[in-house]
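Colleague: I have the sequence and a model to look at. Could you take me through them by question and answer?

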Amino acid sequence: MHICVMGTGYVGLVSGACFAEFGMQVTCCDIIPEKIENLKEGILPIHEPGLQELVDKGLREGRLNFTTDQAKAIEQALTIFIAVGTPAGEDGATDMRYVDDVADTIGQYMHDYKVIATKSTVPVGTAKRIRARIEAVQPEPVEFSVVSNPEFLREGAAIEDFMRPNRVVIGGEDQHALAIMKELYSPLYLIETPFVITDTTTAEMIKYAANTFLAMKISFINEMANLCDVVDADVHDVARAIGLDQRIGRKFLHPGPGYGGSCFPKDVQSLAHFAQEAGVKLQLATAAHEVNQQQRGRMVEKITAMLDGNVAGKTIGVLGLSFKPNTDDIREAPALDIIAELQQQGAHIKAYDPVAIPAAQQVLRDVEYCKDSYSTCSGSDALVLATEWNQFRALDLKRVQALLNQPVMIDLRNVYEPETMKRLGFRYTAVGRRSRQRDSAN
Ligand code: UDX
């Protein structure tokens, strides 16, 4: 079965490589020639565990191809996946430019029946929009189906999420297209993956509902952590105990500086935005977003409080810049906002991240980038742990203490135990972990 994937970004590349691994014949298309030339050589534009091996294998075995020739790729394929970017536009609306362009291209070059599937997260109603655009540009009327097949891929675990998903969601208008889509995922029947088969609009809704619910869970536990800080309770015990209730579940209850990345911030706002346009006020989505924004400011307050209420002229070492570990992705990373605000207040910033420094250099000015954790500590008045990379979990704390001007650590990811840190002689604070009393006691 021939598949064409339009867009070789994160979603397109992972999906294309995984479908090739499923045994399909896949052509990935992009309009950027340089990107395609690199991909043909097996040079990837992103860092994702396991992807290199899959791309190399697909290329070697001839099931994965890369091209800028959209006309040919469309012609050959029975199923075309739209996996182009859907960036945030004005006021939380989604910028549909790239989806529209791809729909127009497909319409122009389509000469026989095609299944057109959206994989990018697209606003509710996009399937209908794509149908209308294709019909408007088709040189002659050709039958086609539009389906919605949202991805639920976590960066850093995308291959695993594709190969062993919790569920596959397929929304379509006709049985023929649904049968073709199910066929593409047939290897997943062997591992008894649940399939949710529904209409396109519902499938589009599912993606937003899932991401907004997860974002809400994070904002909820962050609010609880903020309250724990004030009443001197431990949010980890709260999270564990409530999470043991199977109706709640333990995952996504880890407090911190708030969610970042390319999905949650954008999707939550986008859902709230198009709901409002549809005349429905989504109060929980809006609140999840507001709490998330405020959380960054709270983290700055925490840092400032540990430096006697004033960071001006002080040097602050920051460990971790990406929005989460195991990625160089800094989109909407809390560390960036926190650093910018500390700089605004007159702090000098030293920073280290295992892979995200080149990306951070593009957006953060006047930061002294360091070669490792310890050189970040050296001469700093406080150490901020902003992303929980594994290597930051195993720091030589004695060495950290010796290198810092004073033993102050603000652990925004709750990596360390407050009791241990106190015993080691640190002035330490975390998020909702009964460390506040000790801050003021010290
Ligand atoms: C997410 C969804 O998980 C995925 O299903 C969707 O398709 C795309 O968006 P991703 O953005 O890669 O994936 O990251 P994820 O691992 O879900 O983390 C998102 C953010 O939430 C990170 O900034 C992370 O630090 C934060 N987070 C996550 C918390 O602060 N607490 C938690 O308990 C979990």
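The exchange below covers domains, the ligand shell, a strand and a helix residue.

Colleague: What kind of model is this, and how are residues numbered?

Modeller: The model is predicted, with local features needing pLDDT of at least 70 and side-chain atom pairs counting only at pLDDT 80 or more, while totals for chains, interfaces and linings use all residues. Residues are numbered from 1 along each chain as its sequence is written.

Colleague: How far apart do the C-alpha centres of domain 1 and domain 2 lie?

Modeller: The domain assignment gives domain 1 (2-198) and domain 2 (228-441), with bounds that come from an automatic or database assignment. In their contact, 12 residues come from domain 1 and 14 residues from domain 2, where contact means C-beta atoms, placed from the backbone, within 7 Å. The C-alpha centres lie apart by 35 Å.

Colleague: Which residues come nearest to the ligand?

Modeller: A residue counts as near if its C-beta atom, placed from the backbone, lies within 6 Å of the molecule. The shell draws at least three residues from each of domain 1 and domain 2. Of the 18 residues around the ligand, the nearest are Glu155, His254, Tyr259, Gly261 and Cys263.

Colleague: In strand β4, which residues point the other way from Thr79 and Phe81?

Modeller: Strands here are DSSP runs of E, at least two residues, numbered from the N terminus. In a regular strand the side chains alternate between the two faces of the sheet. In β4 (residues 79-82) all four are buried, that is, with 20 or more other C-beta atoms within 10 Å of their own, C-beta atoms being placed from the backbone. Pointing the other way from Thr79 and Phe81 are Ile80 and Ile82.

Colleague: Which residue in β5 stands opposite isoleucine 82?

Modeller: Strands pair if DSSP finds at least two bridges between them. Strand β1 (residues 2-6) runs parallel to β4 and is joined to β4 by four bridges; there, isoleucine 3 has threonine 79 as its bridge partner. β4 also pairs with β5 (residues 114-118) in the parallel sense over four bridges. Opposite isoleucine 82 in β5 is threonine 118.

Colleague: Is glutamine 283 buried or exposed?

Modeller: Glutamine 283 is found in helix α12 (residues 283-306), helices being DSSP runs of H or I, at least four residues. The cut-off for exposed is 12 or fewer other C-beta atoms within 10 Å. Glutamine 283 has 8 within 10 Å, so this residue is exposed.

Technical notes:
Two residues are in contact if their C-beta atoms, placed from the backbone, lie within 7 Å.
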